[in-house]
Amino acid sequence: MAYTYLAKAISTVASTADPVTINTTINGTCKLLVVSVIIEGNSVFGSDITCDGVAMKLVDTVAATEGSSMMWYIQNNDINTGLSKVISVNNPNSDEMTLVVSQFSVGAGKDSSFDATNSNTGTSTAPSVTGTPQANSVYIDAMFHGYTSDNSMTNNHTALYNGIANISLYGAQYYLSGFDISIVLSWVTRISDDWCTVLGAFTEVTESDLLSHDTVVFSQISEVDGVVLANIESVDGVLTGN
């Protein structure tokens, strides 16, 4: 299996603080950290989120009638490992927000790469979302459901956290895939209500497959694949400015 699950953490459930924060330890071998955000309300799309002061990247957002789900990630050398790392999400409208953090490592000489996202909405007892087939991957979701009388939910893969968030249900789970097969992350609740779920898929790649210009400012690069930058006119069709 390419990815290995390392650890999880959860914020105060249904927090209305601004920002909502969680203090956690990031494993020294962590190559992928994902924050599944489940919200009672849908007015916080685009909120800034940081991990130890470093901006995280948005996977996707999706809204139901009563709530919304978001997902953010940080990976590879952007991650600052160690004790007492603060993950912070702006919450200017004081929505009830729950953060679920998950950490994963990859094999020796490998890096993590964002692969794809998908989302889904509906009104039923069966929230679900399908992931694009990709070998050596991890699939993670963030699920909101509007029913709140009990939290007798079930899910089809490895649950991170789930429960009642004041007047809604929240859930997050993951699946480690070693094969190129379609993956469905699903939940079952007792009573039908509106729901939304977002999925992020990440795949393991060889370190040399990640081009440095994806995350580094051009002015900080001297060479690309052994060629002096001054002699390169463009990279992936984008002019370097030389």
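In this predicted model, L32 stands opposite F104 of strand β9, and that pair is a convenient entry point to the strand and its two neighbours. Strand β9 spans residues 96-105, and it pairs in the antiparallel sense both with β3, over nine bridges, and with β1, over six bridges. The points below take the pairing, then the burial of β9, then the chain as a whole.

**Pairing around β9**
- Strand β3, made up of residues 32-40, runs antiparallel to β9, and nine bridges connect the two; L32 of β3 has F104 of β9 opposite to it.
- Strand β1, covering residues 4-10, is likewise an antiparallel partner of β9, with six bridges between them, and A9 has V101 as its bridge partner in β9.

**Burial of β9**
- Of the 10 residues in β9, 10 are buried, and this cover extends to both faces of the strand.
- One side carries E96, T98, V100, S102 and F104, while the other carries M97, L99, V101, Q103 and S105, and every one of these residues is buried.
- F104, the residue opposite L32, and V101, the bridge partner of A9, therefore lie on opposite sides of β9, and both fall under the 20% relative accessible area that marks a buried residue.

**The chain as a whole**
- The chain contains 21 strands and zero helices, and 47% of its 242 residues count as buried.
- Taking contacts between residues at least 6 apart in sequence, 78% join residues at least 24 apart.
- The exposed area of the chain is about 10500 Å², of which carbon and sulfur atoms supply 47%.

Conventions:
Residues numbered from 1 in each chain as written. Predicted model: local features only at pLDDT ≥ 70, side-chain atom pairs only at ≥ 80, totals over all residues. Heavy atoms only, no water. Buried < 20%, exposed > 50% of the residue type's maximum accessible area, 1.4 Å probe, protein only. Helix = DSSP H or I, 4+ residues; strand = E, 2+ residues; numbered from the N terminus. Pairing = 2+ DSSP bridges. Contact = heavy atoms within 4.5 Å. Areas by Shrake-Rupley, 256 points an atom, 1.4 Å probe, with all protein chains shown as cover.
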